[in-house]
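Work through these exercises with the structure open beside you. Try each task before you read its solution.

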Amino acid sequence: MVGGPISDCMLVYPGSRWQALLPCLLLLIASVLKLYKCAGGWTPLISNKYQWLQIDLGERTEITAVATQGGYGSSDWVTSYLLMFSDSGRNWKQYRQEESIWAFSGNTNADTVVTYNLQHSIKARFLRFVPLDWNRNGRIGMRIEVYGCVYRSDVADFDGKSFLLYRFNPKSTTALKDIISLQFKTIQRDGILLHREGQNGDHITLVLFNGKLSLLINIGDAKIYSADAQVNITLGSLLDDQHWHSVLIEHFNNQVNFTVDKHTHHFHAKGEFNYLDLDYELSFGGIPVPGKSGLLPWKNFHGCFENLYYNGVNIIDLAKRHKPQINIMGNISFTCSEPPIIPVTFLNPNSYLALPGTSGHDEISISFQFRTWNNEGLLLSSKLYQTSGGLLMYLSDGKVKLSLYKPGKTQSDISAGAELHNGQWHSVSLSAKRNRVSLVVDNESTSSSHASIPIQIFSGDTYYFGGCPSNANSSECKNPIGGFLGCMKLISIDNKAVDLISVQQNSMGNFSDLQIDLCGIIDRCLPNYCEHGGECSQSWNSFYCSCANTGYMGATCHYSIYEQSCEAYKHRGNTSGFYYIDSDGSGPLGPFLVYCNMTDTTWTVIQHNNTELTRVKSANRENPHTVFFKYAANLEQLQATINHAEHCEQELAYHCKKSRLSNKRDGIPFSWWVGKINETQTYWGGSRPDVQKCACGIQGSCIDSHHDCNCDADRNEWTNDTGLLSYKDHLPVTELFITDTNRPNSEAAYKLGPLLCQGDREFWNAASFNTEASYLHFPTFHGELSADVSFFFKTTASSGVFLENLGIKDFIRIELHSPTEVTFSFDVGNGPNEITVQSPASLNDNQWHYVKAERNIKEASLQVDQLPQRTHTASSDGHIRLQLNSQLFVGGTASRQKGFLGCIRSLQLNGGALDLEERAKVTPGVKPGCPGHCSSYGNLCHNGGKCKEKYNGFSCDCTFSAYTGPFCKKGKHELDLCIFRSWLFSCVQLSGILQHGEELQFSRCVFPSGYDAEQRSNHFCLSNDADPKLTPLCKLLL
């Protein structure tokens, strides 16, 4: 293929002149004609923000790149511009490079060619280049090249009453594999796109509802109450914009991939979804009547389909050739009609549209449609004829309100509608005659208001829509609420439609800061950047995340409000109690409730639903007794907690009378348990996985030396095999199987304790940097949309870089800038930004200090210790992805300059810890660990307790104190742990007296609301000194 001039190229340039040659405006398919070979260019007579260059490519074209250059031999060039496209030369759409990048960077001189390969191609006939900024020492000047090729497609136009019915080969009526792809465009918010159903009520339907696409799957009326029987997946937004949107549905067995434009939902259905009983016909654009599925009467689709394929079959091509597999129901044409509707966008608070009215009439009739995300803004303002009064129509709290005012008269206010800031198109109709006013929203009687007013109404000569001119006086145009940000269309005054193209060409009316012939609304909650279940809401310029009840905080609900472990709570000075922990911080796992037992070492206690001693009879291999243990956390949360811990254990007790565990005869065990990796385990408490024994077998103390477990002696008397399971890769116990209690006098009982985990090896994971040239390096940090970094440091140096990660242009860096300043700097493509926290005290005091930095698409923040957090708000229009590609440097930089001298500990990136100690072991100039914790945490030891250094942290020595506990704050006999067998509960401290007159503090169990009496009885309490006298006291309190 060869490139050449655009045939019959049409350029549109309002109020401008062009010094251009058509050969410069080329559609290049294979070869490239260099722009700098062309002279001339386009330069409008007036350089302002209302100029554009429009190109008609003659037919729909797939455009893959554009290039620009300034005016030949001049000082005229454009430094930034918008690129718009359209199929018809009306209803334009702006091209976006990324989620929020609208503008293209242009030229810096008249000669250099700047080329953009489009991230996703444009399929359109018309292009429009809109200059945003230009060389202020010259004028607007452009030479343009466009690269691409002719785009061919099959199109069908549905009139809202028609549909296609496709019958395919009925070899199988079970839908195990289906692939459906299409593009569509419409201005209607509702309509059926496709439907397939079966005899028993099974059906798959794709429906457009309120501008969103819903994929509805139902497995039969008989199964309607099954949780797996119905699926409703919704994607997309604002799809009623008369622009092309792509849809792909892939159904393989019970896996469904549903894609609308660039957004995909992967759905894995369960059970009977494999066996959808569907007929061998498929309808597009509507549902045959009568339908067997009993669906609500959805509207037929009104709009266009393009490239409609079912399992590789071109449906529209079959229809065009009138093939027998296709029935055309109603009127369907094979070209796409374009409705003559011209929207207008109010871009900012200074936007307004002034339209002429007929002055002095005793009747006012105005109607229009609008869509917005803002719940308030001026819709219409007009001064009444020969009076200082006027009328105001505005949005307030999502309602349309109308105020009519006149000096000396009571102001008349009426309102209609509700929740009108939902992004949907809403119609408004105002009619007033003499002293009677009517306001109707969405043509619904329930959303209308009528009133008689105490003033006579006569129309003025100008109507201001959306706002007021900056130079208008308040009597001419009144705006007490702020400008409207959104779109309007179908504006009618005195029952005559307003020609907005004439307004655009300055033939009538006046305007400022408008985009005419496009609606620039976008859904900022699609995709939803609110993390961890945060609820997204939006205005015209931004989105907001509600983090209520999520357990997370920040602009995008990214950062957890809870610590990652009990160890972290302890070193904030917290004592034993119930706490939520979030094992992976800002990662995908949610928080869950544990009991933190703060002793010399910290224990995390995780309960399950079956801690009672349970007896078992009549179980055999054909009918085993099976127990499933459900924990207060899911398996992913448990695994993260276990991985954090230095040690974990769980006590498993098996009491037996003629009930064996192992079976040496045929090797098939009589009882076994299952851990988190879902593998059968046949070793028991006190043993190891490779030994396959019980505790007595390891200790050589079994009651029968011929066996490795007490229960395997098979005696007709009670004995037990009890011990701790401590192999972390197998914990926790999730299932238990017992089979040998079916013989005479055979019986067993089991009891599984809570999962206990000790310490947090990541909290104290540290490295010491001994030279300025030393550093640790790790793989690239990936935090494109959300990135958080937290760590502790201590140093005596005055400055140094904590960490750095670079990209081609992007970077992040955190450094000690001076003895009192920590700086977080970054660039995501919009230019460097810097946040600094200044401390009133020196940070190089050889004490541990905490740093937390976060960057997301809304804002960046930096916090040091408990000092106020500093925040930088991100631009709503710019690059949003942090793209890094170098190694992550810790304690230094790639240039080996400004290295850090001191210690860094507990370095977390997006909730994941970096193992500084392991990397430090093999890195010159860096040592694992960091001594001197008591200098920072010694003040946590109270009442004469002495701080003792440990490799991983510290402890308080209470030997010479009248108190005990992790911080020497407890009475000597205070109970430390009260565990409920079924559920966790809170404890309050009370005082009591032992027999010998010693003071005692013990725990009284306080139960959640709704806790019944039977559940209250299932508890036990443990004390620090295991004094058996204390347990009855705890029970007496209930």
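**Exercise 1. A covered strand**

How many of the 17 residues of strand β6 (residues 53-69) are buried?

Solution. Note at the start that this is a predicted model.
- Step 1. Apply the cut-off: buried means under 20% relative accessible area.
- Step 2. Count along β6: 13 of its 17 residues are buried. The strand is mostly covered.
- Step 3. Look at one partner strand. β6 pairs with β10 (residues 114-134) over 11 bridges, in the antiparallel sense.
- Step 4. Look at β11 (residues 143-150). It is joined to β6 by 8 bridges, and these two strands run antiparallel.
- Step 5. Pick out V66. Its bridge partner in β10 is Y116. In β11, V66 stands opposite V146.

**Exercise 2. A disulfide with a right-handed twist**

Find the cysteine joined to C487 and work out the handedness of the link.

Solution.
- Step 1. Recall the bond type. A disulfide is a covalent bond between the sulfur atoms of two cysteines.
- Step 2. Find the partner. C487 is joined to C519, with an S to S distance of 2.0 Å.
- Step 3. Read the torsion. It is about 90° around the S-S bond of C487 and C519, so this disulfide is right-handed.
- Step 4. Place both ends. C487 belongs to strand β37 (residues 486-493), and C519 to the loop between β40 (514-516) and β41 (535-538), so the link ties together parts 32 residues apart in sequence.
- Step 5. Check the surroundings. C487 has 0% relative accessibility, so C487 is buried. C519 has 22%, so C519 counts as partly exposed.

**Exercise 3. Two further disulfides**

The structure holds 15 disulfides. Describe the links C648 to C757 and C958 to C968.

Solution.
- Step 1. Take C648 and C757. Their sulfur atoms are 2.1 Å apart.
- Step 2. Read the torsion of C648 and C757. It is about 110°, so the disulfide is right-handed.
- Step 3. Place this pair. C648 is in strand β50 (residues 647-657) and C757 in strand β56 (residues 755-758). The pair links distant parts of the chain, 109 residues apart.
- Step 4. Check burial. C648 is buried at 0% relative accessibility. C757 is buried too, with a relative accessible area of 1%.
- Step 5. Turn to C958 and C968. The S to S distance is 2.0 Å. The torsion is -95°, and the link of C958 and C968 is left-handed.
- Step 6. Place C958 and C968. Both lie in the loop between β72 (953-957) and β73 (977-980), so the pair ties together parts 10 residues apart in sequence.
- Step 7. Check burial again. C958 is buried at 11% relative accessible area, and C968 is buried at 0%.

**Exercise 4. A nonpolar core**

Which residues touch the most other members of the largest nonpolar core?

Solution.
- Step 1. Start with the general tendency. In soluble globular proteins, nonpolar side chains tend to be buried together.
- Step 2. Name the residues. In this core of 44 residues, L353, F368, F370, M393, V400, F465 and M488 touch the most other members.
- Step 3. Find the main contributor. Strand β34 (residues 426-441) gives the most to the core, with 6 residues.
- Step 4. Zoom in on F370. Beyond its neighbours within four places in sequence, F370 has contacts that include L395, V400, W425, F484 and M488. C487, from Exercise 2, is also in contact with F370.

**Exercise 5. Aromatic rings**

Are the rings of F184 and F301 stacked or edge-to-face?

Solution.
- Step 1. Decide what to read. A ring pair is described by the distance of the centres and the angle of the planes.
- Step 2. Classify the pair. The centres of F184 and F301 are 6.2 Å apart and the planes are at 80°, so the pair is edge-to-face.
- Step 3. Place the rings. F184 is in strand β14 (residues 177-185), and F301 is in the loop between β22 (281-284) and β23 (302-310). They are 117 residues apart in sequence.
- Step 4. Check burial. F184 is buried at 0% relative accessibility. F301 is buried at 0% as well.
- Step 5. Compare F763 and W764. This pair is edge-to-face, at 5.1 Å centre to centre and 90° between the planes. Both F763 and W764 are buried.
- Step 6. Follow the ring pairs. They link F763, W764, F792, Y850, Y937 and F954 into a cluster.

Key: Residues are numbered from 1 along each chain as its sequence is written. This is a predicted model: local features need pLDDT of at least 70, side-chain atom pairs count only at pLDDT 80 or more; totals for chains, interfaces and linings use all residues. Side-chain values use heavy atoms; hydrogens and water are left out. A disulfide is a pair of cysteine sulfur atoms within 2.5 Å. Helices (H or I, at least four residues) and strands (E, at least two) are DSSP runs, numbered from the N terminus. Buried means under 20% relative accessible area, exposed over 50%, partly exposed in between (1.4 Å probe, protein chains only). A nonpolar core is a set of buried Ala, Val, Leu, Ile, Met, Phe, Trp, Tyr and Cys residues joined through side-chain atoms within 4.5 Å. Contact means heavy atoms within 4.5 Å. Two strands pair if DSSP finds at least two bridges between them. Rings of Phe, Tyr and Trp (its six-membered ring) pair if their centres lie within 6.5 Å; planes under 30 degrees apart count as stacked, over 60 as edge-to-face and the rest as tilted.
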